[in-house]
Amino acid sequence: PHKQWPLHCVAMDESGIRKRKESQNGSTDLTKDNKEVVKAIALQKDVGLLSGICLIVGTMIGSGIFISPKSVLLYSGAVGPCLLIWTACGVLSTLGALCYAELGTMITKSGGEYPYLMEAFGSIVAYLYSWTTIMVLKPSSFAIITLSFAEYASTPFYPGCSPPLIVTKCLAAAAILVITSINCLSVKLASYVQNFFTAAKLLIILVIVVAGIVMLAQGKTENFSNSFDGTTTSFGAIGLAFYNGLWAYDGWNQLNFITEELKNPFRNLPLAIVIGIPLVTVCYVLVNVAYFTVMTTTELLLSPAVAVTFGDRVLYPASWIVPLFVVFSTFGSANGSCFTAGRLVYASGREGHMVKILSYINVKRYTPAPALIFNGVLAIFYTIPADINTLINYFSFAQWFFYGLTALALIVMRFTRKNLDRPVKIPVVLAGIMVLVSCYLVLAPIIDKPELEYLYCTIFIFSGLILYYPFVYRKVNWGRKIMRPITMHLQLLMDVAPPEKTE
């Protein structure tokens, strides 16, 4: 009987599963089978505290700290304010993540900001968030991380010149395929990969920091004298310095995307946040101090990849370990990004904001395969255009707009959802600070240097409503008629089924 199940019904009923199980096991013992049905088709709770911390740390520390500490320095103008801004960004991320800890323990659904915006502001705001994030923010950041991975991985083979674009782009696309496959195969495998690469990047940071301390002990402190000379005072420049610093910290909300897969989320979500983010902050500040022991501000700004320059000067005979570990670091970060992005697509498909097939789960491996594949395909498209970093600058204002909205959601739900149980409760003031900071971060660069691109972004965000009205709000019939056969074929192809309610 198991050859033809999806043709009877697009959604599998329990008896269908039972029949398939019997035909596989040759058993007719229904009670045992019912237990298997209970484990049936839902995301399993596979992620413990250590994996949670590794997910946060591993996604936050991408390539930013190794490549772009210079942009923070460029906009802040001197060593002193540069280190202050790195610290402040860490504090900000911790504040933001504490808000998320309250929200995540209050509403234990996967999908990051999405379920919180849904509860607080209703369907349309949540839809616009998922539309922007799924279509642009997640896949493009995945693409950027893999591109920088490809750049670092291919550089050794082209000594003396930068690798040709076609090579880096093909390598990036290959990396996307590999990472997506790992995530489709199993949740445990993906988190093992994550833990391994997180350990690797903490190791290289330790090496850099220890080398820096040795340099300080040898008396290389001249770059820290008069460290506040030449500080910028412009309102917009400081905003841009913060943007670039916070881009390096981006990923502090990653654990909220997989709340449903955490073991004991009420304890592990806040704990992982409180351990992970301060850890990253300390790493970042110390690494910057280490850089300044061997480079003047001018040298740091001129260096194409700061960590590599540092390695060449300090670790000379073994200087190859720096680019190698940067490759590891970017790969791990891309893996974390893919892991969480799939969960958002999945949550969105489940609520009916994306096509239903995206919320289906693989019958044997319990991974949201269609969602992961969709994210991977989009990311491959984003590796094609020439300069993707411009795209980031314009969309990071959208990112912060949504962070601000989420902090606002926390404040709103203090009044509208008083009855919800809050295992972690933070002072409302912190959420207020978060809202104000995100307002500043959204508005400062636009006021400082208004560009049409910001307008295009805003138009793109709201263009999601064109699809929302017919397909989500009205649920037009012809849309369903087109999707039904496609869904059935894809179900057979990928061996997936709709998730079952496990509550």
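A cavity is a set of grid points where a 1.4 Å probe fits but cannot get out, and its lining residues have an atom within 4 Å of such a point. In the predicted model examined here, a search of the whole structure returns one cavity of 30 Å³ or more. The space in this largest cavity amounts to about 60 Å³. Its lining is made up of Val 47, Ser 51, Leu 55, Ala 190, Ser 191, Gln 194, Asn 195, Ile 258, Asn 335, Gly 336 and Phe 339. Two or more of the lining residues come from each of α4 (49-60), α11 (187-217) and α16 (321-350). Of the contributing elements, α11 gives the most, with four residues. Divided by class, the lining of the largest cavity holds five nonpolar and six polar residues, and no charged ones.

Helix α11, the main contributor to that lining, was examined further. Its 31 residues should span 45 Å at 1.5 Å a residue, and because the end C-alpha atoms are 45 Å apart, the model agrees with this expectation. The N-terminal end of α11 is capped by Ser 186, a side-chain oxygen of which lies 3.3 Å from the backbone nitrogen of Lys 188. Just after the helix, Gly 219 adopts a positive phi of about 90°.

Helix α12 (residues 235-249) likewise ends shortly before a glycine with positive phi: Gly 251, just after α12, has a value of about 125°. The helix comprises 15 residues and reaches 21 Å from its first C-alpha to its last, close to the 21 Å expected at 1.5 Å a residue. Most of α12 is covered, with eleven of its 15 residues buried. Among these buried residues are the glycines Gly 236, Gly 239 and Gly 245, together with Phe 242, Tyr 243 and Tyr 249. Asn 244 also belongs to the buried set of α12.

Attention was next given to open pockets. The second largest pocket contains about 870 Å³ of space. It is lined by 27 residues, and those closest to its centre are Met 354, Val 355, Lys 356, Arg 480 and Met 483. Helices α9 (123-154), α20 (452-473) and α21 (477-494) each supply at least two residues of this lining. The largest share, seven residues, is provided by α21. By class, the lining of the second largest pocket consists of 18 nonpolar, four polar and five charged residues.

Lys 356, one of the residues closest to the centre of this pocket, also serves as a reference point for Leu 300. These two residues are 56 positions apart along the chain, and their C-alpha atoms are separated by 49 Å. Leu 300 lies in helix α14 (residues 297-302) and has a relative accessible area of 0%, so it is buried.

Positive phi values also occur in residues other than glycine, in the loops on either side of α21. Lys 475 lies in the loop between α20 and α21, and its phi is near 50°. With a relative accessibility of 46%, Lys 475 counts as partly exposed. Asp 495 is placed in the loop between α21 and β2 (496-497) and has a positive phi of about 60° although it is not a glycine. In contrast to Lys 475, which is partly exposed, Asp 495 is buried, with a relative accessible area of 19%.

A buried lysine was identified in helix α10 (residues 165-185), which contains Lys 169. Because its relative accessibility is 17%, under the 20% limit, Lys 169 counts as buried. The side chain of Lys 169 reaches the backbone oxygen of Pro 385 at 3.2 Å.

Finally, the cysteines were considered. A disulfide is a covalent bond between the sulfur atoms of two cysteines. With a cut-off of 2.5 Å between cysteine sulfur atoms, the count in this model comes to zero disulfides. Cys 89 takes part in no disulfide, as the nearest cysteine sulfur, that of Cys 82, is 9.7 Å away. For Cys 54, the closest cysteine sulfur belongs to Cys 283 at 12 Å, and this distance is too far for a bond. Both residues are nevertheless covered: Cys 54 is buried with a relative accessible area of 11%, and Cys 89 counts as buried at 0% relative accessibility.

Definitions and conventions:
Residues numbered from 1 in each chain as written. Predicted model: local features only at pLDDT ≥ 70, side-chain atom pairs only at ≥ 80, totals over all residues. Heavy atoms only, no water. Buried < 20%, exposed > 50% of the residue type's maximum accessible area, 1.4 Å probe, protein only. Polar contact = N/O pair within 3.5 Å; in protein donor to acceptor, adjacent residues only side chain to side chain. 1 Å grid on protein atoms, 1.4 Å probe; cavity = no way out; pocket = protein on both sides within 12 Å on 5 of 7 lines; lining within 4 Å. Points joined across faces, edges and corners; volume = space filled by probe spheres on them. Nonpolar A, V, L, I, M, F, W, Y, C, P; charged D, E, K, R; others polar. Expected span 1.5 Å × (residues − 1).
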